[in-house]
Amino acid sequence: TMDQHKMENLVIYPEDLDMKDYLHKDSSKDSTIYQLYSVCIHIGESINSGHYYSYCKRGDKWYKFDDSYKPRLSLPNEYLDNPNAYILFYERMWLN
């Protein structure tokens with residue numbers, strides 16, 4: 001059987017992510033800036049069990065969504081400093 005355990009490495013991730021250095025040089029005419037809009041958090045020791053919740057951005061405000069809590073408004077950068085971040089969702093910011 002395969003050993004299934006949760007990795008606990010701290011990953012630092014920005015709210016604004018510039019992908020310019022990772023794209024083909026001809027892609028530079030398009031926007032290379034991506035903005036974080038959601039973070040999925042996993043609490044638990046195993047990949048087979050635990051609890052999930054998320055932080056989602058709407059406009060300038062962040063909301064916390066959890067089964068047992070109502071969403072909160074205007075969170076501090078708790079979503080950026082969380083070592084239990086599991087999945088990050090970014091969207092491309094288009095130039096006007």
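## Ground rules

Strands here are DSSP runs of E, at least two residues long, numbered from the N terminus, and two strands pair if DSSP finds at least two bridges between them. This is a predicted model, so local features need pLDDT of at least 70 and side-chain atom pairs count only at pLDDT 80 or more, while totals for chains, interfaces and linings use all residues. Residues are numbered from 1 along each chain as its sequence is written, and side-chain values use heavy atoms, with hydrogens and water left out.

## Strand 2 and its partners

Let's start with strand 2 (33–43). Eight of its eleven residues are buried (under 20% relative accessible area with a 1.4 Å probe, protein chains only; exposed is over 50%, partly exposed in between), so strand 2 is largely enclosed by the rest of the structure.

Its pairings go like this. Strand 1 (residues 16–18) runs antiparallel to strand 2, with three bridges, and Asp-16 has Gln-35 of strand 2 as its bridge partner. Strand 5 is antiparallel to strand 2 too, over seven bridges; there, Val-39 is matched with Leu-88 of strand 5. Strand 3 joins strand 2 through six bridges, again antiparallel. On that side, His-42 has Tyr-52 of strand 3 as its bridge partner, and Cys-40 sits opposite Ser-54.

## The strand 3 and strand 4 hairpin

Strand 3 also pairs with strand 4, antiparallel, over five bridges, and Lys-57 stands opposite Trp-62 of strand 4. The two strands form a hairpin with two residues between them, where Gly-59 adopts a positive phi near 65°.

Strand 4 (residues 61–65) has two faces to look at: Trp-62 and Lys-64 are on the covered one, while Lys-61, Tyr-63 and Phe-65 are on the uncovered one.

## The core, and Tyr-53 in it

The largest nonpolar core (buried Ala, Val, Leu, Ile, Met, Phe, Trp, Tyr and Cys joined through side-chain atoms within 4.5 Å) has eight residues: Tyr-13, Leu-36, Val-39, Ile-41, Tyr-53, Tyr-55, Trp-62 and Leu-80. Strand 2 and strand 3 (51–58) are the elements that give two or more residues to this core, and strand 2 has the largest share, with three.

Tyr-53, which belongs to strand 3, is a good residue to click on. Tyr-53 counts as buried because its relative accessible area is 11%. Setting aside neighbours within four places in sequence, Tyr-53 is in contact (heavy atoms within 4.5 Å) with Val-39, Cys-40, Ile-41, Ile-43, Lys-64, Phe-65, Asp-66 and Asn-82. From Tyr-53 to Ala-85 is 9.7 Å, C-alpha to C-alpha, although 32 residues separate them in sequence.

## The largest pocket

Ala-85 turns up again here. A pocket is an open set of points on a 1 Å grid over the protein atoms alone, where a 1.4 Å probe fits and protein lies on both sides within 12 Å along at least five of seven lines; lining residues have an atom within 4 Å of a point. The largest one holds about 360 Å³, the volume being the space filled by probe spheres set on points joined across faces, edges and corners.

It has 16 lining residues, and those closest to the centre are Met-7, Asn-9, Pro-83, Asn-84 and Ala-85. Strand 5 (residues 85–92) makes the biggest contribution to this lining, four residues.
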